[in-house]
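Work through these exercises with the model open beside you. Try each task before you read its solution.

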Amino acid sequence: MSDINTEVIKQAQQGDADRIAELYETYHIKIFRYLYYRVGDRQTAEDLTSEVFIRMLRFLGGFKPPGASFQAWLFQIARNICNDHYRKLKSHQMVPLEENLKDQNLSTIDTAERVLDNAHLKQALNKLSDDQRDVIIMRFIADMSISETAQSLNKTEDSIKGLQRRALLSLKDILKDWEVSYV
Amino acid sequence: MFNNDEQLQQKLEALKQGESLESLLSDLDGSDEELEGLIRLASAIRSMPHPEPEAELRLEQAAMLTPELVRRTDLIANRNGGSQRANRETGFLGVIKSNLQQRTTRWAVPVVAGALILVFVFLTSFGAGLWYAGPRQAQYATLQGVVGVVEAASDPDASEWKTLTNGDRVQSGARLRTQDGASAYLVFFDGSRAELMENAQVDITRLQGGYGKLLQVVLNQTQGKTVHEIIPFENPKAMYVVYTPGGAASVHGTKFSVEVSQDGRSRFTVNHGKVLVSNDLSDVYLLSGQVTSTQTGQELEGPDYQFTLQGEVELIEVNVWKVVEVWFEVNENTLLIGDPSVGDRVVVEGRILSDDNWVADTIRIVEDEEQIGSFNGVLDRTEGAEWVIGGWTVLVDDETALDENLVLQSIVRVDFKVSEDGNWRAVKIALLSSPPEDSDDHLPAPDPGANPSLSFEPDELSAQTCAVAGPAMYEFGGFLINKSEDPKDYAAGVELSYQLISGAEYVDSVELVPSSWERIDAGESGNFSIRININDAWRDSRNGSEIKVRVFVSNEINRPDHHPGRVTATLSNYCAVVPGDRPEPPTTPEPVVTPDPDQEFEAACVGADPHPTGMTLASKYEVDYDEIMGWFCQRFGFGEIDLAYSLSREFGVPVEDLFAMKNSGMGWGEIRSVLQKGYPGEDENTQPISTPEPTEERGDSTCVGAQPHPTGMTLANRYNVDYSEIMSWFCQGFGFGEIDLAYSLSRDTGIPVSNIFGMKSAGMGWGNIKKDLQPKQPGPPDDKGKPPKDK
């Protein structure tokens, strides 16, 4: 999906509540999904989604269209909030995400007929590097363009294309090991 | 490698543009198995269903975003002269809600059948408890904007403090404190929020909510400053009360702040809306821009308009200081923060007294170099460049930012700078509150010659109660008398308001019936009731706990400032179980006992604990818990009671009639069938659900209608008494279910039915009446190990 109209953003920057609601309506599901696949549980993803939009409101005046992608900017916020979340987890010595995911999904992996679903995907994505995981989520779940993904991750478009291919290859291998079908 | 990356991207782009997967893969012709696998995988990820946040969450998030949105639009409006405020809340939340409704409508038709089944299963298994508890997020507040060290203890007596971060949630019973330089927002589920400034300490004595935007917050602030921004309440049971050592503030949608100094002095200021501040000695209604302060045990001061000065301390002459060329008084109540002296940069917050004296409440040292003053007041006159606000003249020029909707008698805030010639030049004049609109046509016009004298009789009402189980309602009656003798001294447009002086954490709602009179003539009076609905927390309150409700005249058209009278209703808990007094649990293991259905019934019918399903049904059909339990105690199952009320609502037939039909031997299916064919007793006067008002007589049409009431006839026959006797109780406000129960108890115990109704009128619940009337049997304490309550 293409980025939102720059006029909407300008009006939102002027405090137009309807336009701000439009921004929220347009992006909150994508942001929630990104965070869901990053953190692994719905409740945390919901909380972090709220934080993303609070921060969006706070810094909306600093976003400068045209040229920059609003969606990319919003995903940058989401990514930063997600990283903060992990830092906080680490400082509070909480149970690492990997263990949570493992516990949650082992039973799913052990089912007789293994077809790619949210649980498999969530666990498989967790095996990838941060950048690879972000590229998969942004490109195929949030449906962002190469250009927007590059802006969000502060990389060139060529490097995103490379990351995209390597991420898919890694994911394919993981799913193959688990005998999870996606055809 | 680059070619592979590019080739994959081109295929993925083609897929995204709508080319079919089969078509794409056929182009490859099996030549590149790896590429084919990657495209299939990407396609699979793209097309699989991904999780979505729940609709409820969207509203919750929208509510959480609203305060930030308000702050942002305020900033922008301030910058632009204030034009974007109108729809910031309603617009944002409204769009989200509207979109949700549209989405729901699109899906409604195909899923309605399944949804009904799910709703039924949900309600029967979980719904009851959830409905009573309210939405999950209503039971906590979320920390946002945490700066510095913000800590919480799980209860006011706890010694261990936990550091809080953004997103942490706090519940009723928590104690919060902020350290030097720290601050945080408590965001409630409806979007209301409280900001804790540095060195504040607040106990959350109550935090709960329910469906229908019902938020109930009671805070006890012992130190520091808090700023509260409350979304206007839509639910009459909603409450927001802040207690301090000096008094309490309660609001229904406003922005205000509360500051408690170390010596216990409390200061309340209102930025927008109205706030009622009370203590044991006085009440003050604060309007936008006004302030009051008090010390423990003293009357509230004011209300006065507030001022703020920021700049260098230019002079100090004994108790008179000068900042930004403005003189003000510093007295023994002024709080000096940071030991300010001449030459220091400070912010002064204070009050403009009615004698035009400016008195400082707090003076704190700051690093900001800006020199500016501001004060609030009523816009009295605009004469060319000279505007008179609250009696003070300021100069307005082309550079002054003026709000669009300023009219005479508006309450405004003026930001000003002092020019070289000593004049105050307005930098900005902002609207805080518009003048009240003209009175409605039906209300009499104010009569400057009238001098009504309204007072309450009695002015003290009190009752002692054991902490009963479940929700209960206590009712006090009183009179509002116009003691004037001259006929021209009539009181017009009289309105009552109340303030919870103490014990708000135990109160679900307070009703004043009636709460207004169009006119009370000289020598005349109006009677009214104060109904206090209490909640479960009362049961566990300490012995001696009190609920105090202050009722006063909040509005009257003729000389409204001359009605100092008020009445205080006090409810004291004199027999509560004191925590810690409970007996030790038995050391030997209890044998596992299968509950006896009869014992379970008795426990629910006359036991101390409220039955959750009874509570749920009472809430669902908006009737008294006792009414529901009255049917239950007549051996109707909760499922039957639910069905009866549901049928009553659907077909407009009194619920008593339905139970009477059931008692006559009809099955529920048969009853429904009769209703569908057209119930013969249905008429214009039929009330769908009986909700008796204990002190108000029913209207003639329901009470002594020409046709005999079928349920009244049934009861008269059942207990072999005159129909008129049954209907006389009904006409006094008792429901047929209650009448049935009273006669049944009278028959079983030999106690005259009038005595039983007397117990009910005195405030006892039917469960307790039944328990009291049953023969006492010697035996061990009840199975909860509670000691017997004092009498």
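**Exercise 1. Which residue in strand 11 of chain B stands opposite B:Tyr240?**

Before the solution, some ground rules. This is a predicted model, in which local features need pLDDT of at least 70, side-chain atom pairs count only at pLDDT 80 or more, and totals for chains, interfaces and linings use all residues. Residues are numbered from 1 along each chain as its sequence is written, chains are lettered from A and ligands numbered from 1 in the order in which they are written, and side-chain values use heavy atoms, without hydrogens and water.

Solution.
- Step 1. Find strand 10 (residues 239-243) of chain B; 4 bridges join it to strand 11, and the two run antiparallel. Strands are DSSP runs of E with at least two residues, numbered from the N terminus. Two strands pair if DSSP finds at least two bridges between them.
- Step 2. Look at the link: strands 10 and 11 of chain B form a hairpin with 4 residues between them.
- Step 3. Read across. B:Val251 stands opposite B:Tyr240.

**Exercise 2. Find the other partner of strand 11 of chain B, then inspect both faces of strand 11.**

Solution.
- Step 1. Strand 14 (residues 275-278) of chain B is joined to strand 11 by 3 bridges, again antiparallel.
- Step 2. The bridge partner of B:Ala249 in strand 14 is B:Val277.
- Step 3. Check the faces. B:Ala248 and B:Ser250 lie on one side of strand 11, B:Ala249 and B:Val251 on the other, and all are buried. Buried means under 20% relative accessible area, exposed over 50%, partly exposed in between (1.4 Å probe, protein chains only).

**Exercise 3. Is B:Glu151 buried or exposed? List its polar contacts.**

Solution.
- Step 1. Locate B:Glu151 in strand 2 (residues 150-153) of chain B.
- Step 2. Its relative accessibility is 10%, so B:Glu151 counts as buried.
- Step 3. Its side chain makes a polar contact of 2.8 Å with the side chain of B:Arg177. Another, also 2.8 Å, reaches the side chain of B:Gln179. A polar contact is a pair of N or O atoms within 3.5 Å; within protein, one must be able to donate a hydrogen and the other to accept it, and residues adjacent in sequence count only if both atoms are side-chain atoms.
- Step 4. Compare sequence with space. B:Glu151 and B:Thr178 are 27 residues apart in sequence, yet 6.3 Å apart from C-alpha to C-alpha.

**Exercise 4. Describe the surroundings of B:Ser374.**

Solution.
- Step 1. B:Ser374 sits in strand 23 (residues 372-383) of chain B.
- Step 2. Its relative accessible area is 4%, so B:Ser374 is buried.
- Step 3. Its side chain makes a polar contact of 3.1 Å with the side chain of B:Arg413.
- Step 4. Leave aside neighbours within four places in sequence. B:Ser374 then has contacts (heavy atoms within 4.5 Å) that include B:Phe307, B:Thr308 and B:Phe416.

**Exercise 5. How many residues of helix 8 of chain B are buried?**

Solution.
- Step 1. Select residues 625-632, the span of helix 8 in chain B. Helices are DSSP runs of H or I with at least four residues.
- Step 2. Count. In helix 8, 8 of 8 residues are buried. Among them are B:Tyr625, B:Gly630 and B:Trp631.
- Step 3. Set this beside the whole chain: of the 791 residues of chain B, 48% count as buried.
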